[in-house]
Amino acid sequence: MEASITCYSRGTFLPNASSQSSTALASPPSNVRSFTPRSLKSNSFFGESLRTVSKSSLKVSRTKNSSLVTKCEIGDSLEEFLTKATTDKGLIRVMTCMGEAIRTIAFKVRTASCGGTACINTFGDEQLAVDMLADKLLFEALTYSHFCKYACSEEVPELQDMGGPVEGGFSVAFDPLDGSSIVDTNFTVGTIFGVWPGDKLTGVTGRDQVAAAMGIYGPRTTYVIALKDIPGTHEFLLLDEGKWQHVKDTTEIGEGKMFSPGNLRATFDNPAYAKVPLRSCIYSVIY
C-alpha cells in the first residue's frame, strides 16, 4: 500500500492533512491521572533498550531551524535516521520507544486473543482484548521514554501523566489498534499517533504537531513517520532480526487505485461512495 500519512483517527491529526482543530482529544487537566505500568515482566518484548536508560542520563537538545549536516538515506536504521533528522534527543527517544511498542504489537496481533472484554469505550466501540494489550504497551513505552508528559488514547481518553517534563517534553494521543474489529479476518490494521510539544492535547491542531506516525500490521510490518521540519513521510520496514530499516520516502500522493473493504462504512456518510459500482468494488478487493 502507498503508506503516506494524510489521514487522521479519532481527532489525532497528522501533518499537512488538515488545518481543522481537534475538539476532544482528552479531558481537561483536572482529570489528569498518573499512569503506573502494571506487572511489567523482566522478559518484556520491549527489551533492555527501554529499561536501562536512566532518566537523569537523558538531556534535551533542542535547536530551532538547525541545518542538517548529514542527509537521511534509504537503508538507515530508525536510530540513524532520527539522529540525522533532528537534534531533539527527547523527540528521538519518544519516536524510538513508540517504534519498540509497535514492534511488540506486531507480534501480539498475530497471537493475542481477539475476544471481546464486555467493555465499551467512550466512542461506543467494544474493547477487544487485543485493543487493551496494544493500549497498555504504548502507555508503557511512553512512560519509559522519560520525555512524554501526558498521553491519552481511544481506549483511555482521559489525560494520563507519564512523568515526563513539561519543558522539553511532549504529549501524545493515539489509537492503539485502528481496525481491531477486523483482525480475525486477517486484514491490515494499525497504530496511529500524534506528538505535540509541551503538555497540551486540547486546543491544538495537526499543524502544531512535531511528529506523527502509524504502525501498519499487514503482510509486512512498517512504521511510517513524519517530522515537522522534514519533507514527506518516511517508511521503515521491520526486519527479521527486529530492527527497523528505512525503505521508502513519500513526498506526494498519486491517484488512488485501491478500495478498502473498510471503506464501505463511508457509504453511510458520503453519498458518492454509494455510487461506486459494486462490481468495481469487488474487483478492487480481489485484485
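**Chatting through the strands, helix α1 and the cores**

Biologist: Hi! Which residue in β6 stands opposite Ala-151?

Modeller: Val-172 in β6 stands opposite Ala-151. Keep in mind that this is a predicted model.

Biologist: Noted. And which residue in β5 stands opposite Ala-151?

Modeller: That one is Gln-160.

Biologist: How do β4 and β6 run, parallel or antiparallel?

Modeller: β4 and β6 (residues 170-178) run parallel, and five bridges join them. Along with Ala-151 and Val-172, Ser-153 and Phe-174 stand opposite each other, with Phe-174 in β6.

Biologist: And in which sense do β4 and β5 pair, parallel or antiparallel?

Modeller: β4 and β5 (residues 160-161) pair in the antiparallel sense, over two bridges. A hairpin through six residues joins β4 to β5.

Biologist: How many residues of β4 are buried?

Modeller: Six of the six residues in β4 (148-153) are buried, and the strand is mostly covered.

Biologist: What about β6, how many of its residues are buried?

Modeller: Eight of nine are buried, so β6 is largely enclosed by the rest of the structure.

Biologist: Let's follow β6 further. How many bridges does β6 have with β7?

Modeller: Seven, and β6 and β7 (residues 189-197) pair in the antiparallel sense. In that pairing, Phe-174 stands opposite Phe-193 in β7.

Biologist: Phe-193 sounds worth a follow-up. Which aromatic cluster is Phe-193 in?

Modeller: Phe-193 forms one aromatic cluster with Tyr-223 and Trp-244.

Biologist: How many aromatic pairs are there by count?

Modeller: The count comes to four aromatic pairs. One of them is Phe-81 with Phe-236, an edge-to-face pair at 5.2 Å centre to centre with 75° between the planes. Phe-81 lies in helix α1 and Phe-236 in strand β10, so the pair ties together parts that are 155 residues apart in sequence.

Biologist: Are those two rings buried or exposed?

Modeller: Phe-81 is buried, with a relative accessible area of 0%. Phe-236 counts as buried as well, at 0% relative accessibility.

Biologist: And what are the numbers for Tyr-223 and Trp-244?

Modeller: They form a tilted aromatic pair, 5.4 Å centre to centre and 50° between the planes. Tyr-223 lies in strand β9 and Trp-244 in strand β11, so this pair ties together parts 21 residues apart in sequence. Both Tyr-223 and Trp-244 are buried.

Biologist: Back to α1, then. Which residues of α1 are buried?

Modeller: In α1 (residues 78-85), the buried residues are Leu-78, Phe-81, Leu-82, Lys-84 and Ala-85. Looking down the axis of α1, they fall within an arc of 165°, so they line one face of the helix.

Biologist: What covers them?

Modeller: The cover includes α2 (89-111), β9 (221-227), β10 (233-238) and β11 (244-250).

Biologist: Okay, cores. How many residues are in the largest nonpolar core?

Modeller: The largest nonpolar core has 48 residues, and those with the most contacts inside it are Met-95, Phe-193, Val-195 and Tyr-223. Helix α2 gives the largest share of this core, eleven residues.

Biologist: What does Met-95 touch?

Modeller: Leaving out residues up to four places away in sequence, Met-95 touches Leu-78 and Leu-82, Phe-193 and Val-195, Ala-211, Ala-212 and Ala-213, plus Tyr-223 and Ile-225. Leu-78 and Leu-82 are among the buried residues of α1.

Biologist: How many residues does the second, separate core have?

Modeller: Seven residues, including Tyr-150, Cys-152, Leu-201 and Val-204.

Biologist: Why does Cys-152 have no bond to Cys-148?

Modeller: Because the sulfur of Cys-152 is 9.5 Å from the one in Cys-148, which is the closest cysteine sulfur, and that is too far for a bond. The structure holds zero disulfides.

Biologist: Which of the two is it for Cys-152, buried or exposed?

Modeller: Cys-152 is buried, with a relative accessible area of 1%. Cys-72 is buried too, with a relative accessible area of 17%.

Biologist: Let's finish with the whole chain. How many helices and strands are there?

Modeller: The chain has five helices and eleven strands. Of its 287 residues, 46% count as buried.

Biologist: And what share of the contacts join residues at least 24 apart?

Modeller: Among contacts between residues at least 6 apart in sequence, 56% join residues at least 24 apart.

Note on methods. Residues are numbered from 1 along each chain as its sequence is written. This is a predicted model: local features need pLDDT of at least 70, side-chain atom pairs count only at pLDDT 80 or more; totals for chains, interfaces and linings use all residues. Side-chain values use heavy atoms; hydrogens and water are left out. Buried means under 20% relative accessible area, exposed over 50%, partly exposed in between (1.4 Å probe, protein chains only). Helices (H or I, at least four residues) and strands (E, at least two) are DSSP runs, numbered from the N terminus. The arc is that of the directions from the helix axis to the C-beta atoms. Contact means heavy atoms within 4.5 Å. Rings of Phe, Tyr and Trp (its six-membered ring) pair if their centres lie within 6.5 Å; planes under 30 degrees apart count as stacked, over 60 as edge-to-face and the rest as tilted. Two strands pair if DSSP finds at least two bridges between them. A nonpolar core is a set of buried Ala, Val, Leu, Ile, Met, Phe, Trp, Tyr and Cys residues joined through side-chain atoms within 4.5 Å. A disulfide is a pair of cysteine sulfur atoms within 2.5 Å.
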